[in-house]
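Got the viewer open? Load the model, colour it by chain, and follow along from stop to stop.

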Amino acid sequence: MSDRPIKVLIAKPGLDGHDRGAKVLARGLRDEGFEVVYTGLRQTPDMIASAALQEDVDVVGLSILSGAHLTLLPRITRLLREQGMADVLVTAGGIIPDEDIPVLEAAGVSAVFGPGTSIGEVAAYLRTHVAPRET
Amino acid sequence: MNQAAAERGRRLAEDARAGGRRSLARLLTEIENRTRAAEAALRVLYPLAGSAHLVGVTGAPGAGKSTLVASLVTAARAAGRPVAVLAIDPSSPITGGAILGDRVRMQQHASDPDVFIRSMASRGHVGGLATSTVAAAAALDACGFPLLFIETVGTGQSEVEIASIADTTLVVQSPEMGDEVQAIKAGLLEVADIVAVNKGDRPGADLTASHLRAMLTVGAQHDRAAGDRPRPRRPEVLLVSGLTGTGVPELLAALDRRDPAAADGRGSDRTRRTRHDRAEAQLAGILAERLRDRLRDPSHRSETDAAVDAVATHAEDPYTAADRLLASLFSRDG
């Protein structure tokens with residue numbers, strides 16, 4: 001079935017407690033017709049990668065506002081690759097300085113959505129970039 | 001194309017059986033999407049399933065089902081037992097989207113290789129489950145999870161479908177349930193094997209538990225005199241706290257006593273009946289689906305469309321139209 005909903009994991013790696021953005025995005029994507037798994041605050045890279053595997057998601061969306069993105073995000077993309085999930089789209093949002101974006105992209109993060117991004121933009125990006133599966 | 005899909009399904013099934021978690025996860029996706037690959041995989045897996053204890057966990061939104069399941073998983077893991085969880089949350093009837101949020105309460109188990117947690121969106125199915133829940137449970141059963149919790153969407157008073165697919169039904173009740181009259185209403189509490197009064201650390205929780213005990217067991221004597229009349233279950237009522245873990249090992253022990261595989265086989269007649277009902281519902285569902293597919297097939301399409309139009313305009317009654325379609329299907333294919 002090609003009309004099955006796209007499944008997205010929204011997670012907050014690390015120690016910041018600012019989850020409003022993640023929740024607003026989760027809710028917004030629900031309204032855009034996505035199935036959104038929300039895992040909550042203070043997740044380790046290992047917990048996020050395991051959840052992505054068990055849920056067999058198409059997208060992992062990481063919200064981070066603590067400044068630890070250069071440490072945590074590459075760890076998550078590496079774990080995903082190690083468990084055979086290189087085809088999963090990884091995106092990031094939160095407070096991430098422009099100069100760090102190329103570093104994250106090199107580590108396998110395909111897009112970084114900063115403050116002010118509309119939910120429609122995120123949804124359109126995901127719809128275009130999620131790889132179709134074999135049927 | 002179908003051949004390739006079937007082959008992929010069989011490969012996924014074999015690899016999932018051998019412990020491949022990525023394959024198991026992919027297989028569950030195929031099952032949710034009801035693909036050819038899923039069907040091929042289930043042909044392999046179904047005969048290997050049937051020994052797991054399927055525990056249904058249901059109750060109102062916010063009663064603490066997910067937290068209690070996480071706590072039960074902790075208790076089972078303390079004894080070294082592998083556990084799987086299927087957690088169902090509602091899909092939007094408007095957009096088809098869903099927030100699958102049960103995992104938030106269970107993430108402490110995310111990295112444990114002997115725990116497998118999977119969220120499912122209900123995708124238009126009513127009754128508290130998803131269409132593919134039974135098939136997904138069979139796959140997890142065949143892949144080495146002898147204990148399986150199926151958490152329903154948050155239910156109201158009458159979404160009792162879980163009781164017909166689970167071996168044991170656990171109803172989670174929060175302390176603020178109301179008075180004794182709530183406990184004697186028909187519906188959810190009638191299908192419980194065990195009622196867990198959760199949030200036992202809150203004031204008044206023990207009072208709720210004793211109200212429930214008094215009201216739910218009140219008819220036991222009358223039952224014995226009733227002969228063959230269908231009777232509601234007389235559940236055990238336990239006071240627990242999913243948050244602190246108080247009472248959870250006792251709850252797990254009470255569930256284990258109802259494991260169909262357990263030696264004392266308590267309620268085993270009921271279990272046999274439940275499994276029979278589950279098989280019947282499953283078969284009926286697949287038959288309906290196959291019938292629908294056949295009627296939508298190009299060879300029958302125009303006839304089906306004509307029947308739908310005739311019923312829509314009240315030119316024909318739906319029973320006559322259905323009988324005619326059925327007769328036509330059988331005469332052409334048989």
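Which domains does the domain assignment of chain B give? There are three: domain 1 (1–48), domain 2 (50–267) and domain 3 (297–333). Keep in mind throughout that this is a predicted model.

**Stop 1: domains 1 and 2 of chain B**

Colour domain 1 and domain 2 of chain B separately. Their C-alpha centres are 28 Å apart, and 13 residues of domain 1 are in contact with 10 residues of domain 2. Now show the domain 1 side of that contact. The elements giving two or more residues to it are helix H1 (2–17), helix H2 (21–32) and helix H3 (36–45) of chain B. Select H2(B) next, as the largest share comes from there, six residues. By class, the domain 1 side has nine nonpolar and four charged residues, with no polar ones.

**Stop 2: where the chains meet**

Bring chain A back into view. Here 30 residues of chain A are in contact with 28 residues of chain B. On the chain A side, pick out helix H1 (20–31), strand S2 (35–38) and helix H2 (45–55), the elements that give two or more residues each. H2(A) supplies the largest share, seven residues. The class count for this side of chain A is 11 nonpolar, nine polar and 10 charged residues.

Stay with S2(A) and add strand S3 (residues 98–100) of chain B. The two strands run parallel, joined by three bridges. Click on A:Val36: its bridge partner in S3(B) is B:Ile99.

**Stop 3: the nonpolar core**

A:Val36 comes up again here. The largest nonpolar core has 126 residues, and A:Val36, A:Val60, B:Ala139 and B:Leu148 touch the most other members. Select helix H5 (residues 133–142) of chain B, which gives the most to this core with eight residues. Domain 1 and domain 2 of chain B each contribute at least three residues to this core.

Centre on B:Leu148. Outside its neighbours within four places in sequence, B:Leu148 is in contact with residues including B:Ala52, B:Leu54, B:Val55 and B:Ala84. B:His53 and B:Asp141 are also among its contacts.

**Stop 4: strand S3 of chain A**

Move to A:Val60 and select the strand around it, S3(A), residues 59–64. Is this strand buried or exposed? Six of its six residues are buried, so S3(A) is largely enclosed by the rest of the structure. Rotate it to check both faces: A:Val59, A:Gly61 and A:Ser63 are buried on one side, and A:Val60, A:Leu62 and A:Ile64 on the other.

Now add the neighbouring strands. S1(A), residues 7–11, runs parallel to S3(A) and is joined to it by four bridges, with A:Val8 standing opposite A:Val59. S4(A), residues 89–94, also pairs with S3(A) in the parallel sense, over six bridges; look for A:Ile64 opposite A:Gly94. Add helix H3 (residues 69–82) of chain A, and you have a right-handed β-α-β unit made of S3(A), H3(A) and S4(A).

**Stop 5: a buried loop residue**

Finish at B:Leu189, in the loop between helix H7 (180–184) and strand S7 (194–197) of chain B. Why does B:Leu189 count as buried? Because 23 other C-beta atoms lie within 10 Å, and 20 or more is the cut-off. Show B:Val171, B:Ala183, B:Val195 and B:Leu216, which B:Leu189 touches beyond four places away in sequence. Then draw a C-alpha to C-alpha distance to B:Leu170: 9.5 Å in space, for residues 19 apart in sequence.

How values were computed. Residues numbered from 1 in each chain as written. Chains lettered and ligands numbered in written order. Predicted model: local features only at pLDDT ≥ 70, side-chain atom pairs only at ≥ 80, totals over all residues. Buried ≥ 20, exposed ≤ 12 C-beta atoms within 10 Å, placed from the backbone. Pairing = 2+ DSSP bridges. Right-handed = clockwise from strand over helix to strand, strands pointing away. Domains from an automatic or database assignment. Contact = placed C-beta atoms within 7 Å. Nonpolar A, V, L, I, M, F, W, Y, C, P; charged D, E, K, R; others polar. Core = buried A, V, L, I, M, F, W, Y, C linked by C-beta atoms within 7 Å.
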